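Here is a short note to help you find your way around this structure. Have a look at it first, and then take the points below one at a time.

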Amino acid sequence: MRVLVLLPAFLVACATDMPAGDATAGEQIYTDNCETCHMVDGTGDSANGYPDLTAEKPSTDETIDLVTNGEGDMPEFGSTLSEQDIMDVAAYVDATFVNP
Ligand code: HEC
């Protein structure tokens, strides 16, 4: 019986924790916010310290964390982009540069 009681709560938790990024919507967000450093093809500019996303292959979780909080010379976007925008751009990075 316990399982039957806990199951709906578990399903709700899964639904809200799942990154529901939309890679198509993320393309415009990438163009507007990321392309200057990481380039249109994601290869970055290693001479200036901007990593090649196609080589680094960050996980979607890493990308979400980095975009939200920034790191080193990577700016944070947590205060300018919505959570949905960040999930969308992370889905775009994953679908386009990490797992094309
Ligand atoms: C001003 C330049 C700049 C902009 C704009 C920028 N980044 Fe970055 N990004 C960096 C730098 C520099 C690093 C390396 C950070 C470090 O670890 O010191 C980085 C690291 C990353 C990494 C981690 C790569 C790895 O090594 O695993 C990801 C993913 C990433 N950026 C995605 C994005 C996305 C998505 C956007 C747009 C929302 C964005 N960046 C915008 C400069 C930038």
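1. Which helix gives the most to the shell around the ligand? Helix 5 does, with four residues. Please keep in mind as you read that this is a predicted model.

2. The shell as a whole is made up of 23 residues, and the closest to the ligand are Cys34, Cys37, Glu56, Gly72 and Met74. Two or more residues each come from helix 3 (35-38), helix 4 (53-56), helix 5 (60-69) and helix 6 (83-98). By character, 13 of the shell residues are nonpolar, six are polar and four are charged.

3. Stepping back to the whole chain, you will find six helices and zero strands, so the order from the N terminus reads α-α-α-α-α-α. The chain has 100 residues, of which 23% count as buried. Among contacts with a separation of 6 or more, 58% join residues 24 or more positions apart.

4. Helix 6 deserves a careful look. Its buried residues are Asp85, Ile86, Met87, Asp88, Val89, Ala90, Ala91, Tyr92, Val93, Asp94 and Phe97. The cover over these buried residues includes helix 2 (23-33), helix 4 and helix 5.

5. Next comes the largest nonpolar core. There are 14 residues in this core, and Ile86, Val89, Ala90 and Val93 touch the most other members. At least two residues come from each of helix 2, helix 5 and helix 6, with helix 6 giving the most, eight residues. As general background, nonpolar side chains tend to be buried together in soluble globular proteins.

6. Which residues does Ile86 contact, leaving aside its neighbours within four places in sequence? They are Ile64, Val67, Thr68, Phe77 and Leu81. Ile86 is itself one of the buried residues of helix 6, and Ile64, Val67 and Thr68 fall within helix 5 (60-69).

7. Finally, try Thr54, which lies in helix 4. Is Thr54 buried or partly exposed? Thr54 counts as partly exposed because it has 17 C-beta neighbours inside 10 Å, whereas a buried residue needs 20 or more. Beyond its neighbours within four places in sequence, Thr54 is in contact with Gly42, Thr43 and Phe97; of these, Phe97 is one of the buried residues of helix 6. His38 is 16 residues away from Thr54 along the chain, and the C-alpha atoms of the two are separated by 9.9 Å.

Technical notes. Residues are numbered from 1 along each chain as its sequence is written. This is a predicted model: local features need pLDDT of at least 70, side-chain atom pairs count only at pLDDT 80 or more; totals for chains, interfaces and linings use all residues. A residue is near a molecule or strand if its C-beta atom, placed from the backbone, lies within 6 Å of it. Ala, Val, Leu, Ile, Met, Phe, Trp, Tyr, Cys and Pro count as nonpolar, Asp, Glu, Lys and Arg as charged, and the others, Gly among them, as polar. A residue is buried if 20 or more other C-beta atoms lie within 10 Å of its own, exposed if 12 or fewer, and partly exposed in between; C-beta atoms are placed from the backbone. Two residues are in contact if their C-beta atoms, placed from the backbone, lie within 7 Å. A nonpolar core is a set of buried Ala, Val, Leu, Ile, Met, Phe, Trp, Tyr and Cys residues joined through C-beta atoms within 7 Å.
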